[in-house]
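Student: I'd like a close look at one part of this protein, and I'm curious about its pockets. Could you walk me through it once it's on screen?

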Amino acid sequence: LKGKTALVTGASRGIGRAIALEFAGEGVDVAVNCSSSVAEAEKVAQKIKKLGRKSIVIQADVSNKDSVKKMIEKVVKEFGRIDILVNNAGIATVSPSEKLEEKVWRRGIDVMLTGVFFCSQAAGKIMIEQKSGKIINIASINGIVAFPERACYSSAKAGVIALTKVLSSEWAKYNINVNAVAPGYVETDLVRNLVTQGTLDLDELAGRTPNGKLAKTGDISNTVVF
């Protein structure tokens, strides 16, 4: 992977941060995307630079097509190419279905499904020209198995899994691999916040997991790099 370039969306914290740093440790130059947490994203970029790799921070809303287009253009301008795209940006949407607000539904689908398509489409055009590329989409077990109060989140992640299959079948002829990683619950700030709010019970989740514990961010980043 040394000398490759990657863009990781939603990389200012949690799984995205771990993925960005994991790639840097393998010799990859990394563009760190965030929607609002610029200060946190800058800290990630500084850590990447300390590992001897190039890094830039790009603030962009993945649900906005023009914003995504400019982001991909900036990556190519700074690094000369884009070898790897990790679609990680996501938001928590937990609500009883009968109370799920339209704005929450639309925002969740826009970020977690439409955003994955916009980023993949923009990066895919470059990768098709290069005749090479890797796209890794962060899906979720919620996209495979039904969980209560996850109507928006599960629908978006199921869509990501289907989109992954479509793109992989279309773009294989260009030497582009498109894969999805579907984690269960991972110890992140997002999950901890849901626990604090009383939305999640850590002991209950761990009890439903074969090895009796939640995943660490490193478990996911290792998988993505592989």
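Student: How do the residues of the lining of the second largest pocket divide into nonpolar, polar and charged?

Tutor: Keep in mind that this is a predicted model. The lining of the second largest pocket splits into 10 nonpolar, 6 polar and 3 charged residues. It is the elements β5 (133-138), β6 (176-181) and α8 (217-225) that each give two or more residues to that lining. In total 19 residues line this pocket, and those nearest its centre are Lys134, Ile136, Val224, Val225 and Phe226. As for volume, the second largest pocket holds about 350 Å³ of space.

Now put the largest pocket alongside it. There the space comes to about 850 Å³. Its lining has 41 residues, with Asn88, Ala89, Gly90, Ile91 and Leu190 closest to the centre. By class, the lining of the largest pocket is made of 20 nonpolar, 15 polar and 6 charged residues. Several elements chip in: α1 (14-25), β2 (29-34), α4 (102-130), α5 (151-171) and α6 (189-196) each bring at least two residues to that lining. The largest share belongs to α6, with 4 residues.

Two of those elements are worth following further. Take α4 first. Besides supplying lining residues for the largest pocket, α4 packs against helix α3 (residues 65-79) at an angle of about 35 degrees, and the two axes are 9 Å apart. The crossing of α3 past α4 is right-handed. If you want to pick out the contact on screen, select Lys65, Val68, Met71, Ile72 and Val76 on the α3 side, and Phe118, Cys119, Gln121, Ala122, Ala123 and Ile126 on the α4 side. Sorted by class, this contact has 9 nonpolar residues, 1 polar and 1 charged.

The other element to follow is β2, which also gives residues to the lining of the largest pocket. The model has 7 salt bridges by the usual kind of distance rule, a side-chain nitrogen of Lys or Arg within 4 Å of a carboxyl oxygen of Asp or Glu. One of them joins the side chains of Arg53 and Asp29, at 3.2 Å from N to O. Asp29 sits in strand β2 and Arg53 in the loop between α2 (38-50) and β3 (55-59), so this pair ties together parts that are 24 residues apart in sequence. In general, side chains of opposite charge can pair when their charged atoms come close.

Key
Residues numbered from 1 in each chain as written. Predicted model: local features only at pLDDT ≥ 70, side-chain atom pairs only at ≥ 80, totals over all residues. Heavy atoms only, no water. 1 Å grid on protein atoms, 1.4 Å probe; cavity = no way out; pocket = protein on both sides within 12 Å on 5 of 7 lines; lining within 4 Å. Points joined across faces, edges and corners; volume = space filled by probe spheres on them. Nonpolar A, V, L, I, M, F, W, Y, C, P; charged D, E, K, R; others polar. Axes fitted to C-alpha atoms, helices over the stretch in contact; angles between N-to-C directions. Left-handed = near helix turned anticlockwise from the far one by under 90°. Contact = heavy atoms within 4.5 Å.
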